[in-house]
Each structure stands twice: as structure tokens, then as C-alpha cells.
Amino acid sequence: MAVGIFDEYHLLKKNKSWWLLRKSDYITRVSSLKVVMTGLKAFQEVGRYIKPTTRMIQVFGHHAARSVLDVTEDDIDKMAQGSYISSDMEVDNGYIIMSFKGAVIGLGLFIDGRITSQIPRRDLASFVYQGNMEISNGCQTD
Amino acid sequence: MNSPFECYREIIPDFPEFLESLSRPMPVHLRVNSLKAEPAKLVSMLDKKGIDIMPSCEGNRYLFNAPSLSSPGSLLEYLIGYIHPQALTSCLASIVLSPAYSSCVLDMCASPGGKTAHLAQIMNNSGLIVANELYRTRHIPLAHTLLRLGVLNAVITSYQAQEFPVNQQFDYVLADVPCSGEGRIRHTVGAEISRTPKKSRGHSLPEMQKKILLRGCDLLKSGGEMLYSTCTYNPEENESVVNFLLQNRDITILPIDAGFKYEKGLTLWRNDKYDARLERTARFYPHRIDSVGFFMARIRKG
């Protein structure tokens, strides 16, 4: 990603997670408040690795210039069933960004030509079977 | 059978039309989340799927009616945060408050987060929003909404709204308070029609609403603005609460320009006479705007 994308954000660590919060002069003003959650959960430590979150990738993934794979409906279908997809993309083993019809949808884990989805399966399924699935909070009126 | 809203016959204009509007299902409205998606591009994406959406009003580029869409929550565009299904009147609350870029905002009763995320959109993710929600169980939908919609300028706190610490001041406060929710009731087939009891967890709603509004006012800096809103028709939860604030604090009721037809606030309900300035508050009815019934008061401190 281009240098400077995250310059406007604080990167805050709590336990094994990192959170991005837009910089603002007001943060010190409200520092006495007991805060439950701060900004966007961006990374978490998984074993020896730092893993970006799906939500962070959905916000910032379009800045990526490499390690992006455009997946098809068939690919998503396979991943939704728990299978991997194959790719000959030339990248090192590690996380890649997956996009679908031009929209960044989340992360995949690339290991020796095989990609395993890191997107929750329920979400993946609905990318393909649109219209057949109800999500309880999708019709809220708040 | 008498309508549960019969008691409002005298205050709701064109009452038969109002009752008739309640027999229609609640329409689907979408807010395009411009933090993540360009509205014109989103319209084109949905169009390619055969989903027809049309602007809700002139002069707003991201609010749409989606009459053919029964389950927006199943769309890819929902899951990646490009759209948020939200009642039109709920959207108007954030629009009427319209916090400036880089301002400091408190949303006193934030869950499930649609209005909070809308405020972040209006502020283009700048400044800071404190999204307060007392109940831990309601932090989950609140956090989910904020994360899905890419909100990067908000923190969540967990105070009782009427006891939010007063050692900081905000430029804007949204007090979208717990209410009896009458404005959400539609007499659709199979639905139970009943009046929600006017108590919440043992507290009288108007009493709690007055305390929240007072605290919200005390948290505003001088000249700061607050929006008080409910989704109920009950004057005891609306004008009466704002009238109480007028009696206890130095405030100004500001005019509301939401771009939609509304009725002015009441100055008389049963035996209670309210301050004439309450005519500047707004009552949104479903037969006028085809959305959730809503009340708003735009308040400036000082």
C-alpha cells in the first residue's frame, strides 16, 4: 500500500489487536471516558503472524497495488463450501486481497498456489446466493 | 375495532389518511454509504442486478427508495458496507443535525448505530464521535454497524445516557432517546397491533427522556447544537419533554429544514399548554412521508 495511507490514523494496541482511529484534537479531551471500543479493528496477532481484518481490508484494500486476486462466483462457491481455490499468481505465501466484481471483499491465505478464504463462510455464501438469504439486522430502521 | 391511535385523532391532521397509511407495509429505504461507495456507481451496480432504486428526494444524492427490494441485508453491497437499510425519517435526524467536519459529537443512545454511521458519513470520518450505549448486549450490533460501514472516527462508551460524565463538552449532541416506538407500528397482515407500554425497565419513559435531554444540554458547549428525536406520536414523550428543557435551561429551538413535509409541534395536548416556541419542532407522519412516524426538536444551547 502507498506510504502515507495510515498517516491520518492512530494505531492503538490492546491485547493482541490493533485498532485504527482517525486522528483528532478531541481524543485527549475525551480521554477520561471509559471506552469500550475504539475505531476500526485493523490487525490481530494470530500465532507468529499479524493478520489484517476483513473490515480493514474492505476499507483500505483498494489502495493495494499487488497481491490482489479477482475471484469469480465459482471461486466463492468453492470457498463457501470450505474448499480452497487454486491460483498461479506470483506472490509469496501469506495473505492476499480478494475482490469480486470490482469490490474488495476480504482476505485469502495463499500457500503454495492454494487460497483459503478468511471471510466468514456465511458472508461468502450470500455473495453468491443473493436474494435467498435473510440477515436479521439487514432491515433495521434505526 | 378502534385504532390504538384513536387518542391522537385531534392532533394528527387527515386522520383517516393516517390510519390508511398504517395498513401499507413499511417501504424499504437505502442510504448509500459514501464513506465506501460512490452513489452513482452503486446505483449502476444494483441496476445491473435488476434492482431498481430511485432517489428519495431532490437535493440528496445518497438516500433512495427501493420498492422491489425485500431483503437488502442479503446483498453483497450490504455485507461490504456500501448500503445501509434505514428508515427515511431516521436518516433525516442526522441530516438535520448536520455536524460540521472535524467537530466533536456525542450520540447518547447509539445502538444499533445507523444514525452514528450516518453522522460519520456527513463528517467524512473526521473529528470524533462518542457513540454511547448503556447495554453491553447492544454493543454488538452497534460495533457491527460501525465496522461494516467503515466508520473510523468513533469510540464506543457504555454510560447511562442521563449520567454521562459532564467533564467534557461537545459541539453536537444527538439524543435519539428510548421511546414507546409508536411510529414504527404498521397494521400489516398478521402483525399484532398493540400499544407499547409506556414504561421501560421500570422507568417512566418521559421522566427518563427529560433526564437524558437535560444531560445532553449540559454536555453541549455554548452555541452547540442538539437534536432530540423519538419515533413516537405521544406528546408526553415529545413536546412535553422539550418544554421541560425550555423551563430549565437557556436554549433556543431552531427551525428544521429536512426537505420533507412535516407538521409543526404542538402547543396544547389535553390539559397541558406548552411554550409557543415548540411550534418549531417537527412531527413526521407516515401518510405524509411514508416512513416511520418521527418527532424532532433542533436545539441550540444559549
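**A tour from the β4–β5 hairpin of chain A to B:Asn153**

Start at the hairpin formed by β4(A) and β5(A): two residues lie between the strands, and A:Gly47 has a positive phi near 60°. The model is a predicted one, which applies to every stop below.

Next, select the two strands of that hairpin. Strand β4(A), residues 40–46, runs antiparallel to β5(A), and four bridges join them. To check the register, pick A:Phe43; its bridge partner in β5(A) is A:Pro52.

Widen the selection to the sheet. The sheet is open and has four strands of chain A in the order β1-β2-β4-β5, with antiparallel pairing. At its edges are β1 (9–14) and β5 (49–52), each of which pairs on one side only. From one strand to the next, the twist averages 25°. In general, the strands of a sheet pair through backbone hydrogen bonds, parallel or antiparallel.

Go to the β1 edge. Strand β2(A), residues 17–22, is antiparallel to β1(A) and joined to it by six bridges. Here the pair to pick is A:Lys14 with A:Ser17, its bridge partner in β2(A).

Now select helix α3 of chain A, residues 73–80. Its buried residues are A:Asp75, A:Ile76, A:Met79 and A:Ala80. Look down the axis of α3(A): these residues fall within an arc of 130°, so they line one face of the helix. Just after α3(A), stop at A:Gly82, where phi is positive at about 95°.

Zoom out to the whole of chain A. The chain contains four helices and ten strands, and from the N terminus on, the elements run β-β-α-β-β-β-α-β-α-β-β-β-β-α. Of its 142 residues, 47% are buried. For contacts between residues at least 6 apart in sequence, 45% join residues at least 24 apart. The exposed area of chain A is about 8100 Å², with carbon and sulfur atoms supplying 48% of it.

The last stop is in chain B. Select B:Asn153, in the loop between α6 (139–148) and β7 (154–157). Is this residue buried or exposed? B:Asn153 counts as buried because its relative accessible area is 0%, against a cut-off of under 20%. The side chain of B:Asn153 reaches the backbone oxygen of B:Ser126 at 2.7 Å. Show what is in contact with B:Asn153, leaving aside neighbours within four places in sequence: from chain A, A:Leu21 and A:Arg22 appear. From chain B, the contacts are B:Ala120, B:Met123, B:Asn125, B:Ser126, B:Gly127, B:Leu128 and B:Ile129.

Note on methods:
Residues are numbered from 1 along each chain as its sequence is written. Chains are lettered from A and ligands numbered from 1 in the order in which they are written. This is a predicted model: local features need pLDDT of at least 70, side-chain atom pairs count only at pLDDT 80 or more; totals for chains, interfaces and linings use all residues. Side-chain values use heavy atoms; hydrogens and water are left out. Buried means under 20% relative accessible area, exposed over 50%, partly exposed in between (1.4 Å probe, protein chains only). A polar contact is a pair of N or O atoms within 3.5 Å; within protein, one must be able to donate a hydrogen and the other to accept it, and residues adjacent in sequence count only if both atoms are side-chain atoms. Contact means heavy atoms within 4.5 Å. Two strands pair if DSSP finds at least two bridges between them. Axes are lines fitted to C-alpha atoms, for helices over the stretch in contact, and angles run from 0 to 180 degrees between N-to-C directions. The arc is that of the directions from the helix axis to the C-beta atoms. Accessible areas come from the Shrake-Rupley method with a 1.4 Å probe; for residues, only the protein chains shown count as cover.
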